[in-house]
Amino acid sequence: MTDLLTLDRVSFSYTGGTKQSPGHVLDGLSLSIRQGEFVSIIGPSGSGKSTLFRLITGLEKQTSGRILFHGEEIEQRLGQAGYMPQQDLLLPWRTVRENAILPLQLQGMKKEKACEEVGGLLKEFGLSGYEDRYPHNLSGGMRQRVSFLRAVLSGKDLLVLDEPFSALDAITKLSMQEWLLDQWSKWNKTILFITHDVEEALFLADRIFVFSTMPVSQLTEIKVPLPRPRDFRDLAHTDIQGLKTKLISELRKMVFHS
Ligand code: ADP
């Protein structure tokens, strides 16, 4: 099977860097993501994680190297991946239903047809009874479910999620992680998930890529030895506790040596 996403010796620098932050973020980075995988990306703040997402989603263009979807280099990458940001970006003047149908309307579907299409999905996403509410009347977890529904409705195989649960309280976050895994298994999507939470990365991912100090030329890869379906109690396994300790010490070393 071809990989869904491949980075082939990708380098990237922001123009106008300073002496303290020279702007050279990636230096010949290669990686590949298989169809249907769940990959977490973890690293200290300012190590280049969001920049990698901006390159994949086409918001930035690499200085050199190639970014391939299904083995093909696509000139116009904008819109190739569904995106779920940290802040949900729901439109405050649109109801839950109207926010959910946005990607379908952008694809040219008429409003009535789009509402019909999302009816069942809103129920599936636990939003039944909230369809006519506005975002400010929803809990943080609900807003993120609408946001994820929008990413799913983008119709893209690859979903990139940038710290989507970081603003949620611990218990809501855990329920959302379980919910996300459940949805991921239903939709057959490939997920790239940025987090700075080591337990979250271990609980969700098949593989974890660890960012190091910039410029990044290689990511440390960790395979998570947990079967699926997963349950939060799996985090208590000795192997996982060992990995957690190892990851935290690596990240601490990077933060204190940078
Ligand atoms: P992370 O997501 O890991 O916190 P980023 O990808 O946001 O890291 O940032 C990586 C580096 O690039 C940082 O040094 C940051 O200051 C720099 N950077 C980010 N965005 C810009 C920009 N638009 N212009 C110049 N430098 C930037």
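The following exchange concerns how certain descriptions of this predicted model are justified.

Colleague: Why is Ser 47 called buried?

Modeller: Its relative accessibility is 3%, and buried means under 20%; therefore Ser 47 counts as buried. Ser 47 is placed in the loop between S3 and helix H1 (49-56).

Colleague: Which residues does Ser 47 touch, leaving aside those up to four places away in sequence?

Modeller: They are Val 25, Phe 211, Ser 212, Met 214 and Val 216. Contact here means heavy atoms within 4.5 Å.

Colleague: What makes the pair of Ser 47 and Pro 44 a polar contact?

Modeller: A polar atom of the Ser 47 side chain lies 2.7 Å from the backbone oxygen of Pro 44. The cut-off for such a pair of N or O atoms is within 3.5 Å, so the distance of 2.7 Å satisfies it.

Colleague: How do you know that helix H1 is mostly covered?

Modeller: Of its 8 residues, 6 are buried. These are Lys 49, Thr 51, Leu 52, Phe 53, Leu 55 and Ile 56. After H1 comes Gly 58, which has a positive phi near 85°.

Colleague: Which residues come nearest to the ligand?

Modeller: Gly 46, Gly 48, Lys 49, Ser 50 and Thr 51 come nearest, out of 12 residues around the ligand. H1 supplies the largest share of this shell, with 3 residues.

Colleague: What makes the approaches of Tyr 14, Gly 48 and Lys 49 to the ligand polar contacts?

Modeller: Each is set against the cut-off of 3.5 Å for a pair of N or O atoms. For Lys 49, a side-chain N or O atom is 2.8 Å from an oxygen atom of the ligand. For Gly 48, a backbone N or O atom lies 3.0 Å from a ligand oxygen. For Tyr 14, a side-chain N or O atom is 3.4 Å from a nitrogen atom of the ligand. The pairs of Lys 49, Gly 48 and Tyr 14 therefore qualify as within 3.5 Å. As for cover, the ligand has 570 Å² of accessible area on its own, and the protein covers 62% of it.

Colleague: Why are S1 and S4 called paired strands?

Modeller: Pairing requires at least two bridges. Strand S1 (residues 5-13) and strand S4 (residues 64-69) are joined by 5 bridges, so they pair, and they run antiparallel. Ser 11, for example, has Ser 64 in S4 as its bridge partner.

Colleague: How do you know that S4 also pairs with S5?

Modeller: There are 2 bridges between S4 and strand S5 (residues 72-73), and at least two are needed; the antiparallel strands therefore pair. The bridge partner of Leu 68 is Glu 73 in S5. In their hairpin, with 2 residues between the strands, His 70 has a positive phi near 50°.

Colleague: What makes S6 and S10 edge strands?

Modeller: The open sheet has 6 strands in the order S6-S7-S8-S3-S9-S10, with mixed pairing. Strand S6 (81-84) and strand S10 (220-223) each pair on one side only. On average, neighbouring strands of this sheet are turned by 20° against each other, direction ignored.

Colleague: How many bridges support the pairing of S3 with S9?

Modeller: Strand S3 (residues 38-42) and strand S9 (residues 207-210) share 4 bridges in the parallel sense. Since at least two are required, they count as paired. Val 39 has Arg 207 in S9 as its bridge partner.

Notes. Residues numbered from 1 in each chain as written. Predicted model: local features only at pLDDT ≥ 70, side-chain atom pairs only at ≥ 80, totals over all residues. Heavy atoms only, no water. Axes fitted to C-alpha atoms, helices over the stretch in contact; angles between N-to-C directions. Buried < 20%, exposed > 50% of the residue type's maximum accessible area, 1.4 Å probe, protein only. Polar contact = N/O pair within 3.5 Å; in protein donor to acceptor, adjacent residues only side chain to side chain. Near = heavy atom within 4 Å. Areas by Shrake-Rupley, 256 points an atom, 1.4 Å probe, with all protein chains shown as cover.
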